[in-house]
Amino acid sequence: MGETVHSCKLIAHRKDWVTNHCITASVVMLLFKALVFVFLAGTVMSAEGWKQAKGSWQWSFPRDHGAHPEYRTEWWYFTGNLKDKNGRQCGYQLTFFRQGIALTASRPDIPWSIRDVYLAHFAIVDGTSGKFWHYDQASRSGPGLAGAKTGAMDVWTLNWSAKMTGNIIYLKAYKNDMELDLELSPRKPKIFHGNKGLSTKGPNPGQASYYYSFTDLETKGTIRTELSKNPVAVTGTSWFDQEFGSNVLSPDQVGWDWFGIHLSDGRDLMLFQLRKKDGSIESSSSATIIEQDGTSRHLRENEITVNVMAQWKSPKSSGIYPAKWQIRIPSANIDITLTPIVANQELVTEASTGVTYWEGAVAGTGTSRGAIVNVEGYAELTGYAGSLSGLF
């Protein structure tokens, strides 16, 4: 792990010293920001020593809703397409990342000793006004700061959280004029992508993640933005992904295009394409079609055609992103066209991961099994404003 881990251990040692000697919280935060800078701007961490996503995983719930600290990288990802009582269209994203810094904390007996850092992204888009707001934040683990429990879904980064109680997931986040308070209830069973949850991302050993989803979550609650003084009641449909692994992208891969789509006939579609530096698509890219009754089928890359029909250039990052897609999957009898509900849904995450990417609500029309359908969902586009190779 070399220079980066050495620097991380040095900062962790200093944090232990800070705790024992009662230095102010502002100094602790400065040291934490230094740690994040070393991680993001310094030598890319090696996956050596961390468990790899290889072979079958013996799934068990609620255990596997929780953290898997033996793997280097993990995320809990929520998106949703919502409406208020007047039919105003909006969307949200709330994502939590756990990134392993060291296999074991330098001082396990001290709660401030760093093993993982936690990062989170929060965004709301309003389709009527065309406005998009986002925040990101990061914290080290520690009492009340951030963490992810094992054995059940309970993850938080400062005042943003996702917790599952019984069959309901509770999401809470607020920052300045933005607030989200939602309840999510599964209408379909858990879906395991790839080979029973082993989602391959490339040809190298361990280049994979364990990946499952709730693709259809009935959603109710409130959101607030600068457009309203008080929280606004909303309902709709959410999507939840959880992935964990230690070695996802290879050096020749720059990023991915991911879609989580709801079709009005009750079918759902997860699709990702990993893009290489030479412009080609990684053959391990794949999709999952989920039927109305919750049954699912894995789709190989050669069964999928994604045609980019328009582009959008970011005025902030100068990244050029796809902005309209035709997705054809003949084996599933799907032919749909999607566009963003708002063009600018780019996140610049300077306070956390340091990654600039596009994550946004999309909608469109098409056919499914020969019948006309409306579609809505979310798309995630990475590697268009800087490569992600080595970070995941």
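This short talk covers confidence, one buried aspartate and three paired strands in a predicted model.

First, the ground rules. Residues are numbered from 1 along each chain as its sequence is written. The model is predicted, so local features need pLDDT of at least 70, side-chain atom pairs count only at pLDDT 80 or more, totals for chains, interfaces and linings use all residues, and side-chain values use heavy atoms, with hydrogens and water left out.

Confidence next. pLDDT is the predictor's confidence in each residue, from 0 to 100. The protein's mean is 86, and 84% of its residues reach 70 or more. Residues 1-45 stay under 50. Where pLDDT is low, the predicted coordinates should not be read in detail.

Now Asp268. It sits in strand S15, residues 268-276. Strands here are DSSP runs of E, at least two residues, numbered from the N terminus. Buried or exposed? Asp268 counts as buried because its relative accessibility is 3%; the cut-off for buried is under 20% relative accessible area, with a 1.4 Å probe and protein chains only. Its side chain makes a polar contact with the side chain of His262, at 3.1 Å. That term means a pair of N or O atoms within 3.5 Å; within protein, one must be able to donate a hydrogen and the other to accept it, and residues adjacent in sequence count only if both atoms are side-chain atoms.

Last, the strands. Two strands pair if DSSP finds at least two bridges between them. S14 (residues 253-263) runs antiparallel to S23 (residues 371-381), with 7 bridges. There, Trp258 has Glu380 as its bridge partner. S22 (residues 356-368) is also antiparallel to S23, through 11 bridges. S22 and S23 form a hairpin with 2 residues between them. In the turn, Arg369 has a positive phi of about 55°.

Methods
Helices (H or I, at least four residues) and strands (E, at least two) are DSSP runs, numbered from the N terminus. Buried means under 20% relative accessible area, exposed over 50%, partly exposed in between (1.4 Å probe, protein chains only). Contact means heavy atoms within 4.5 Å.
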